[in-house]
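Grab a pencil and work through the exercises below at your own pace. Try each task yourself before you read its solution.

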Amino acid sequence: LYLKDQKKTNSLQAFFASLTHELKTPLASIRLQGEVINEILESKNDPTLNKLIGRLIADTTKLETQMDKILQLSRIERGGELNLTSLSLLPFIKRLAKTWVPEHEVDIIAPDGNINIEADEFALELIMKNLLENTRIHTTSKKIQIVLSQTEGKVHLAYIDHGDFKGDLEKLGTLFYKHNSTKGSGIGLYLSQKLLDKMHGNLSITKANHGLKFDLIFKKSEETHA
């Protein structure tokens, strides 16, 4: 029991050390960019302004996403419940891909057209953002493939990136596991599985020909949207 508790304590310490690093870096960048922008505004027009504002928004978004993950994980671990509604999956994914990875080529295959699922909108957004963020951070490829299909009462989303994962596939998705990466907090995939459990779904990860394949299962909604 002592060793188990010590291991948990060490994991928590490593997590918060990593988290502190993750938060301090974008915060420092935001402050510095804000100071530069302020100086530029005082001297009026400058060609670097748009670039700085873009970086400011990106760093702020990264910080907000990390905080969202922590808050949602804390809520789930304390037994919190989700607000399940009927969501249109295809437009939801297209919107996130366009805003989250605009520089990537996202190939969405949906032979059945739009499908409605039972999901918590905020939780689903966190799950998809995490997959897109992992691809953007941990791979060099600019291609993502998403395949949507359905069976009796279930909706299957296959997310395939083109990275080169060299870690332990068995550990991928466990709390705080990051392999050798210095980026991220190690809670994204673990949180995604917890959220899918709450939505009566599941997440599994396998090796694909060109990277990793994430299989997400959702409960199909019988509601339809115009």
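The exercises start with the whole chain and then turn to helices and single residues.

This is a predicted model, in which local features need pLDDT of at least 70 and side-chain atom pairs count only at pLDDT 80 or more, while totals for chains, interfaces and linings use all residues. Residues are numbered from 1 along each chain as its sequence is written, and side-chain values use heavy atoms, with hydrogens and water left out.

**Exercise 1. The whole chain**

Task: Find how many helices and strands the protein chain has, and what share of its residues is buried.

Solution:
- Step 1. Helices (H or I, at least four residues) and strands (E, at least two) are DSSP runs, numbered from the N terminus.
- Step 2. The protein chain has five helices and seven strands, and their pattern along the sequence is α-α-β-α-β-β-α-β-β-α-β-β.
- Step 3. Buried means under 20% relative accessible area, exposed over 50%, and partly exposed in between (1.4 Å probe, protein chains only). By this rule, 40% of the 226 residues count as buried.
- Step 4. Contact means heavy atoms within 4.5 Å. Of the contacts between residues at least 6 apart in sequence, 70% join residues at least 24 apart.

**Exercise 2. The nonpolar core**

Task: Which residues have the most contacts inside the largest nonpolar core?

Solution:
- Step 1. A nonpolar core is a set of buried Ala, Val, Leu, Ile, Met, Phe, Trp, Tyr and Cys residues joined through side-chain atoms within 4.5 Å.
- Step 2. As background, nonpolar side chains in soluble globular proteins tend to be buried together.
- Step 3. The largest core here has 42 residues, and those with the most contacts inside it are Leu 124, Met 128, Leu 157, Tyr 159, Phe 214, Leu 216 and Phe 218.
- Step 4. Take Phe 218: leaving out residues up to four places away in sequence, its contacts include Leu 124, Leu 157 and Met 199.

**Exercise 3. Two helix pairs**

Task: How do α3 and α4 cross, and how do α4 and α5 pack?

Solution:
- Step 1. Axes are lines fitted to C-alpha atoms, for helices over the stretch in contact, and angles run from 0 to 180 degrees between N-to-C directions.
- Step 2. Angles under 35 degrees count as roughly parallel, over 145 as roughly antiparallel, 65 to 115 as roughly perpendicular and the rest as oblique.
- Step 3. The axes of α3 (residues 89-100) and α4 come within 10 Å and cross at roughly 45°, so the two helices are oblique to each other.
- Step 4. Residues making this contact include Phe 92 and Trp 100 of α3, with Leu 124 and Met 128 of α4 among their partners on the other side.
- Step 5. For α4 and α5 the angle is about 150°, with the axes 10 Å apart, which means that α4 is roughly antiparallel to α5.
- Step 6. On the α4 side, Ile 127 and Asn 134 are among the residues making the contact, and on the α5 side, Leu 189 and Leu 195 are among them.

**Exercise 4. Helix α5 and what comes after**

Task: Is helix α5 largely enclosed or open? What is the phi of His 200?

Solution:
- Step 1. In α5 (residues 188-198), eight of the eleven residues are buried, so the helix is largely enclosed by the rest of the structure.
- Step 2. The buried residues of α5 include Gly 188, Tyr 190, Gln 193 and Leu 196.
- Step 3. His 200 is in the loop between α5 and β6 (202-208), and His 200 is partly exposed at 47% relative accessibility.
- Step 4. Most residues other than glycine have a negative phi. His 200 is not a glycine, yet its phi is positive, about 65°.

**Exercise 5. Four buried residues**

Task: Where do Asn 134, Glu 133, Ala 158 and Pro 26 lie?

Solution:
- Step 1. Asn 134 lies in α4 (residues 121-138) and is buried at 19% relative accessibility. Beyond its neighbours within four places in sequence, Asn 134 is in contact with Thr 139 and Leu 189.
- Step 2. Glu 133 also lies in α4 and is buried at 3%. Leaving out residues up to four places away, Glu 133 touches Thr 65, Gln 66, Lys 69 and Trp 100.
- Step 3. Ala 158 is in strand β5 (residues 154-160) and is buried, with a relative accessible area of 5%.
- Step 4. Pro 26 is in α1 (residues 2-42) and is buried at 3% relative accessibility. Pro 26 and Asp 59 are 33 residues apart in sequence and 5.3 Å apart in space, C-alpha to C-alpha.
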